[in-house]
Amino acid sequence: MKVAQALMQQDLAHLAMLINSKTASDVERALNASTLSIDDFMALISPAGAPYLEAMASRAQALTRHRFGNTMQLFVPLYLSNLCANECTYCGFTMSNKIKRKTLSISEVLTEIEAIKDMGFSQVLLVTGEHETKVGMDYFEQTLSAIRDKVSYLMMEVQPLKREQYETLKQKGLDAVLVYQETYSPQQYATYHTRGKKQDFLWRLETSDRLGQAGVDKIGIGALLGLGDWRVDSAMTALHGKLIQQHYWQSRVSIAFPRLRSCEGNNTGGNALTNSKLPNERDLLQLICAHRLFNPQAELSMSTRESAAFRDGVMPLGITSMSAASQTQPGGYSEPSQALNQFDIDDNRSVPEVVNAISARGLEPVWKDWMPFRLSPT
């Protein structure tokens, strides 16, 4: 597990010290470098980097347009189940929350897919809580078999699986997997994850190795900004992405920037907006630009957790894919009146409104950039 081993060797306290000791000259050196080191990335996200945000944004925009053109990928999350066997203090799906639990039947999944397609989407992210006994491989295989020929690109954000399970799902048409580490600090991770298999920090950290070994097309990573020191977690995310590219070059890397939000049940996330560890919007913009400068090849993704104004402002500067009109509860597209949110969303605009905002910034909305999957003849 080469990637996980390298990450576990990092001294997070030392990283924090390095980040906070960066000076203006360190930031200027990073801005002038043709290829950035992880030390340069830490300078860009440091407090010393804040006054250089305009210069960072200008370079980030140029790099994004050079690598990805004037395009913005559009995808939508499809929540299949809110069953969960874990206790995570920041999540609305946590097992102790007294909410109505639901897992979509295959028939209901197909109904959701039709509603999603009617909205224009062709790239779909399947999302579940983590309950491997009731929402596990059998369910995943049935779901992929039912919907794979109806979408152009199929992603999953579910519990970490074994390498051979990823290989099986890849054979059934799985294109990408998103598994966020939440925080890279084992100590802080243990504080927030108090019950269930998600307590296993290393098993989660090793997921990108198993995905790379299985040859999955795209590996999505990220930290839940606000759980720990967001600068340290972001430096670890940046290193994580580079290590994946180094060891599993056949897989693309996608990085997301979820911030802690309020959620069902008034858990830790309920005080998210007053959390002193939560990066503000200017911090988040600085972070996105730093990732683009450090890793021009990485896909950078933005969810509807953020406000419409922020999403509109940041989309030309480094973001390459966005969700729109997201529903974070099972069955939310065909029956939007249901209220089982995993977390609060901020950008509640319709798909046409988001598309118009993208076009107004000189970008082309892209619904599909992948040929439809076809099973090999048996």
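Is Thr237 buried or exposed, and what is its relative accessible area? Before selecting the residue, bear in mind that the coordinates come from a predicted model.

**Stop 1: Thr237 and helix α12**

Select Thr237, which sits in helix α12, and colour the model by accessibility if your viewer allows it. Thr237 is buried, with a relative accessible area of 3%. Add the backbone of Asp233 to the selection, and you should find that the backbone oxygen of Asp233 lies 2.9 Å from a polar atom of the Thr237 side chain. Then show what surrounds this threonine: leaving aside residues up to four places away in sequence, Thr237 touches Tyr184, Ile221, Gly222, Ala223, Ile255 and His291.

Now widen the selection to the whole of α12, residues 230-247, a helix of 18 residues that reaches 25 Å from its first C-alpha to its last, close to the 26 Å expected at 1.5 Å a residue. Because 14 of those 18 residues are buried, α12 is largely enclosed by the rest of the structure. At the start of the helix, pick out Asp229, one of whose side-chain oxygens reaches to within 3.0 Å of the backbone nitrogen of Arg231.

**Stop 2: helix α6 and its two sides**

Move next to α6, residues 106-118, which has 13 residues and reaches 18 Å from its first C-alpha to its last, close to the 18 Å expected at 1.5 Å a residue. Highlight Val109, Glu112, Ile113, Ala115 and Ile116, which are the buried residues of this helix. If you turn the view to look down the axis of α6, these buried residues fall within an arc of 165 degrees, so they line one face of the helix. A general point helps in reading this view: an α-helix has 3.6 residues a turn, so residues three or four places apart point the same way.

With the buried residues of α6 still highlighted, bring in the elements that cover them, which include β1 (71-81), β3 and α7. On the other side of α6, Ser107 and Asp118 are exposed. Follow the chain out of the helix to Gly120, which comes after α6 and has a positive phi, near 110 degrees.

**Stop 3: salt bridges**

Side chains of opposite charge can pair when their charged atoms come close. The structure holds 17 salt bridges, and the tour visits some of them.

Start within reach of α6 by selecting Glu108 and Lys102, whose side chains meet in a salt bridge at 3.1 Å, N to O. Glu108 counts as partly exposed at 29% relative accessibility, and Lys102 likewise counts as partly exposed, at 21%.

Then select Arg204 and Glu130, whose side chains meet in a salt bridge at 3.0 Å, N to O. This pair links distant parts of the chain, with Arg204 in helix α10 (residues 201-205) and Glu130 in the loop between β3 (123-128) and α7 (137-147), 74 residues apart. Arg204 and Glu130 are buried.

Continue to Arg311 and Asp347, which form a salt bridge with the closest N and O atoms 2.6 Å apart. Here too the pair links distant parts of the chain, since Arg311 lies in helix α14 (residues 308-314) and Asp347 in the loop between β10 (321-323) and α15 (351-360), 36 residues apart. Extend the selection to Asp312, Arg349 and Arg361, and you will have a network in which salt bridges that share partners join these three to Arg311 and Asp347. Arg311 is buried, and so is Asp347.

**Stop 4: backbone angles in two loops**

Most residues other than glycine have a negative phi. With that in mind, select Glu182, which has a positive phi of about 75 degrees although it is not a glycine. Glu182 is found in the loop between β5 (176-178) and α9 (186-192), and at 9% relative accessibility it counts as buried.

Ala325 is also worth selecting for its backbone, as it has a positive phi of about 55 degrees and is not a glycine. Ala325 is placed in the loop between β10 and α15, and it is buried, with a relative accessible area of 17%.

**Stop 5: Gln165**

Finish at Gln165, located in helix α8 (residues 163-171), where it counts as partly exposed at 22% relative accessibility. Draw a distance from its C-alpha to that of Ala146: the two residues are 19 apart in sequence and 18 Å apart in space.

Methods. Residues are numbered from 1 along each chain as its sequence is written. This is a predicted model: local features need pLDDT of at least 70, side-chain atom pairs count only at pLDDT 80 or more; totals for chains, interfaces and linings use all residues. Side-chain values use heavy atoms; hydrogens and water are left out. A salt bridge is a side-chain nitrogen of Lys or Arg within 4 Å of a carboxyl oxygen of Asp or Glu. Buried means under 20% relative accessible area, exposed over 50%, partly exposed in between (1.4 Å probe, protein chains only). Helices (H or I, at least four residues) and strands (E, at least two) are DSSP runs, numbered from the N terminus. The expected span of a helix is 1.5 Å times one less than its number of residues. The arc is that of the directions from the helix axis to the C-beta atoms. Contact means heavy atoms within 4.5 Å. A polar contact is a pair of N or O atoms within 3.5 Å; within protein, one must be able to donate a hydrogen and the other to accept it, and residues adjacent in sequence count only if both atoms are side-chain atoms.
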